[in-house]
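Biologist: I would like to learn how the words in a structure description are justified. Could you take me through some of them, one at a time?

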Amino acid sequence: RGDLVNHGCFKASDVTEGCLDGITALGACGDDVLTFCSRKDASKGKTLRLDCKTYLKDRAEVCMKISDDFGYDCTTVCDDENTPHTLHGTCEDGKLVYCGKQDNKWQTLEWDCAAENLTCGFSKNQYDCI
């Protein structure tokens, strides 16, 4: 994940020694399975697979590109009016627009960053008001 170091548990069957050709730390999606190299230096990494539909117990997620620099990840999607927004968010006209849980329901939420003298941008692993 760029220069970030993340930790996670994977089933042994979802880990392959060495990184597959063409698979980088930015990852790739196929049938909502996230596949990525565990290290920027592929010669030192392992290939990891994560089924986005089943890895969380409380909800199914989808695999999609989050940003050019971060790459691909599993994320929750709210599909309001045929415009999908993700848990990772996006910036639209200076506002942070994201899929979040409110009143125990997943829905598209907005945060006007400029109203709080902040700017919408990508921070670590998601869009945020910074």
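Biologist: What makes Cys-19 count as buried?

Modeller: This is a predicted model, and in it Cys-19 has a relative accessibility of 18%. Buried means under 20%, so Cys-19 earns the word. Its partner Cys-37 has 2%, so Cys-37 is buried too.

Biologist: How do you know that Cys-19 and Cys-37 form a disulfide?

Modeller: Look at their sulfur atoms, which are 1.9 Å apart. The cut-off is 2.5 Å, so this pair falls within the cut-off and is a disulfide. The torsion about the S-S bond is 65°, and the link is right-handed. Cys-19 sits in the loop between β1 and β2, whereas Cys-37 belongs to strand β3, and 18 residues separate them.

Biologist: How many disulfides are there in the whole structure?

Modeller: The search finds six. If you number the bonded cysteines in sequence order, the pairing reads 1-3, 2-5, 4-6, 7-9, 8-11, 10-12.

Biologist: Why is the disulfide of Cys-29 and Cys-63 called left-handed?

Modeller: Its torsion about the S-S bond is about -75°, so it is left-handed. The sulfur atoms of Cys-29 and Cys-63 are 2.0 Å apart. Cys-29 lies in strand β2 and Cys-63 in strand β5, so the link ties together parts 34 residues apart in sequence.

Biologist: Is Cys-29 buried, exposed or partly exposed, and what makes it so?

Modeller: Cys-29 has a relative accessible area of 35%. Partly exposed covers the range between 20% and 50%, so that is the right word for Cys-29. Cys-63, at 10%, is buried.

Biologist: What makes the link between Cys-78 and Cys-99 right-handed?

Modeller: Here the torsion is about 60°, so the disulfide is right-handed. Cys-78 is in strand β7 and Cys-99 in strand β10, so this pair joins parts that lie 21 residues apart in sequence. Cys-78 has a relative accessible area of 3%, so it is buried, and Cys-99 is buried with 0%.

Biologist: How do you know that Cys-9 has no bond to Cys-74?

Modeller: The closest cysteine sulfur to that of Cys-9 is in Cys-74, and the distance is 15 Å. A disulfide needs sulfur atoms within 2.5 Å, so the two are too far apart for a bond. Cys-9 has 81% relative accessibility; exposed means over 50%, so Cys-9 is exposed.

Biologist: Which residues make up the largest nonpolar core?

Modeller: There are seven: Leu-34, Phe-36, Leu-48, Leu-50, Cys-52, Cys-63 and Cys-74. Strands β3 and β4 each supply at least two of them. Leu-50 touches Phe-10, Asp-32, Val-33, Leu-34, Tyr-55 and Cys-74, leaving aside residues up to four places away in sequence. As a general point, nonpolar side chains tend to be buried together in soluble globular proteins.

Biologist: What makes Thr-35 buried?

Modeller: Its relative accessible area is 14%, and that is under 20%, so Thr-35 is buried. Thr-35 is found in strand β3. Among the residues it touches are Ile-23, Gly-27 and Thr-47.

Biologist: Why is the pair of Phe-10 and Phe-36 called edge-to-face?

Modeller: The ring centres are 6.2 Å apart and the planes stand at 65°. Rings pair within 6.5 Å, and planes over 60 degrees apart count as edge-to-face, so both conditions are met. Phe-10 is in the segment before β1 and Phe-36 in strand β3, so the pair ties together parts 26 residues apart in sequence. Phe-10 is partly exposed at 29%, whereas Phe-36 is buried at 13%.

Modeller: Phe-122 and Tyr-127 give another case: their centres are 4.8 Å apart and their planes at 80°, so this pair is edge-to-face too. Ring pairs link Phe-70, Phe-122 and Tyr-127 into a cluster.

Biologist: What makes β9 and β11 edge strands?

Modeller: They belong to an open antiparallel sheet with the order β9-β10-β11. Each of β9 and β11 has a single partner strand, so one side of each is left without a neighbour in the sheet. Three bridges join β9 to β10, and Cys-91 stands opposite Leu-96 in β10.

How values were computed
Residues numbered from 1 in each chain as written. Predicted model: local features only at pLDDT ≥ 70, side-chain atom pairs only at ≥ 80, totals over all residues. Heavy atoms only, no water. Core = buried A, V, L, I, M, F, W, Y, C linked by side-chain atoms within 4.5 Å. Buried < 20%, exposed > 50% of the residue type's maximum accessible area, 1.4 Å probe, protein only. Helix = DSSP H or I, 4+ residues; strand = E, 2+ residues; numbered from the N terminus. Contact = heavy atoms within 4.5 Å. Pairing = 2+ DSSP bridges. Phe/Tyr/Trp six-rings, centres within 6.5 Å; stacked < 30°, edge-to-face > 60°.
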